[in-house]
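These are my notebook entries from a session of looking things up in one structure. I wanted to go through the sheet, a few backbone angles and one charged side chain in turn.

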Amino acid sequence: MTFSGFPPSALRLYADLAAANDKETWRLRLRERYERDVRAPMDELAAELTALFSPAGSPEPAGAGGPAGVPAGVRVLGPVRDTRMSHDKSPYKTYQGAYLDLLPCLGLWVHVDRDGLYASGRWYPYGGAEVARFRAAVQDEDGGAELAEITGRLRDRGFTLGGDRLTTRPRGIPADHPRLDLLRHRKIDAGRRYGPADGLHTPRALDLVRETWELVRPLLDWMAARDLTPPPRRTEGDATS
């Protein structure tokens, strides 16, 4: 089936889940609605986005995996939260997300929640080595100026530049550095949010995500060109040196 939008009941489901996030309510009242009104349309959206954006260049089933470190298509997340490292022990996610990793820790994201739709490009390194290389690239006069120009254009198009960032400034960076705001970032999420009035309940939702993902690609390309992602994780069966 082709994607036709998220029905209004998808947003209401997450409002209901916020009021009663427990296993019994999920089993008796929410699970069937979730599968029909949230998961099914997200699977359809993921299939269409895979055909448009997959690094492999061909549509793969939603959730299909590719070579180590680079999934072949858009992956749709499950509804159950991992509570092992969280103080919040509520069992179910309050959003339905899907993502396409272009490189390890670098890719595209979309989710639907009680407020609407959010789409973005993300850089989310695991450790400090990539963050240190990022800050060195931002301090480089040419590369840093290019990044400032890219992020400025995104803001002009309605993007918010979020992600984990310092509230102060990195050690050794002067307070008057022209790109101090960028240097504070340890992760970056550049995205736009859409409400029901933007066409969320219609096939236009696909166009909203597609446009957002296309506009954010220069930011991700800047990251990819500067070795800011970890190497792909080796899997059993990989050739050994």
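Before anything else I fixed the terms: a residue is buried under 20% relative accessible area, exposed over 50%, and partly exposed in between. I also noted that what I have open is a predicted model.

Entry on positive phi. I looked up aspartate 227, which has a positive phi of about 55° although it is not a glycine, and I found aspartate 227 in the segment after helix 6. Is aspartate 227 buried, exposed or partly exposed? Its relative accessibility is 49%, so aspartate 227 counts as partly exposed. I then turned to cysteine 105, another residue other than glycine with a positive phi, here near 70°; cysteine 105 lies in the loop between strand 2 and strand 3, and because its relative accessibility is 2%, I put cysteine 105 down as buried.

Entry on the sheet. From that loop I followed the strands on either side: strand 2 (residues 95-103) and strand 3 (residues 106-113) pair in the antiparallel sense over eight bridges, and leucine 103 has leucine 106 in strand 3 as its bridge partner. Helix 6 (residues 204-224) packs on the sheet, where I find it touching strand 2, strand 3, strand 4 and strand 6, and its direction makes about 15° with that of strand 4. In what order do the six strands of the open sheet run? I read the order as 1-2-3-4-6-5, with antiparallel pairing, and the edge strands are strand 1 (75-76) and strand 5, each of which pairs on one side only.

Entry on strand 6. Strand 6 (residues 188-194) is mostly covered, with six of its seven residues buried. I traced seven bridges joining strand 6 to strand 4 (residues 116-123), the two running antiparallel, while strand 5 (residues 160-162) pairs with strand 6 over three bridges, also in the antiparallel sense. Alanine 190 of strand 6 is the bridge partner of glycine 121, and leucine 161 stands opposite alanine 190 as well.

Entry on arginine 135. I located arginine 135 in helix 3 (residues 128-139). What does a buried arginine 135 have by way of opposite charge? I found no salt bridge, as the nearest side chain of opposite charge, aspartate 164, is 7.8 Å away. The side chain of arginine 135 does, however, reach the backbone oxygen of leucine 183 at 2.9 Å. Leaving aside neighbours within four places in sequence, I listed the contacts of arginine 135 as Leu166, Pro170, Leu183, Arg184, His185 and Arg186.

Notes:
Residues are numbered from 1 along each chain as its sequence is written. This is a predicted model: local features need pLDDT of at least 70, side-chain atom pairs count only at pLDDT 80 or more; totals for chains, interfaces and linings use all residues. Side-chain values use heavy atoms; hydrogens and water are left out. Helices (H or I, at least four residues) and strands (E, at least two) are DSSP runs, numbered from the N terminus. Buried means under 20% relative accessible area, exposed over 50%, partly exposed in between (1.4 Å probe, protein chains only). Lys and Arg count as positive and Asp and Glu as negative; His and the chain ends are not counted. A salt bridge is a side-chain nitrogen of Lys or Arg within 4 Å of a carboxyl oxygen of Asp or Glu. A polar contact is a pair of N or O atoms within 3.5 Å; within protein, one must be able to donate a hydrogen and the other to accept it, and residues adjacent in sequence count only if both atoms are side-chain atoms. Contact means heavy atoms within 4.5 Å. Two strands pair if DSSP finds at least two bridges between them. Axes are lines fitted to C-alpha atoms, for helices over the stretch in contact, and angles run from 0 to 180 degrees between N-to-C directions.
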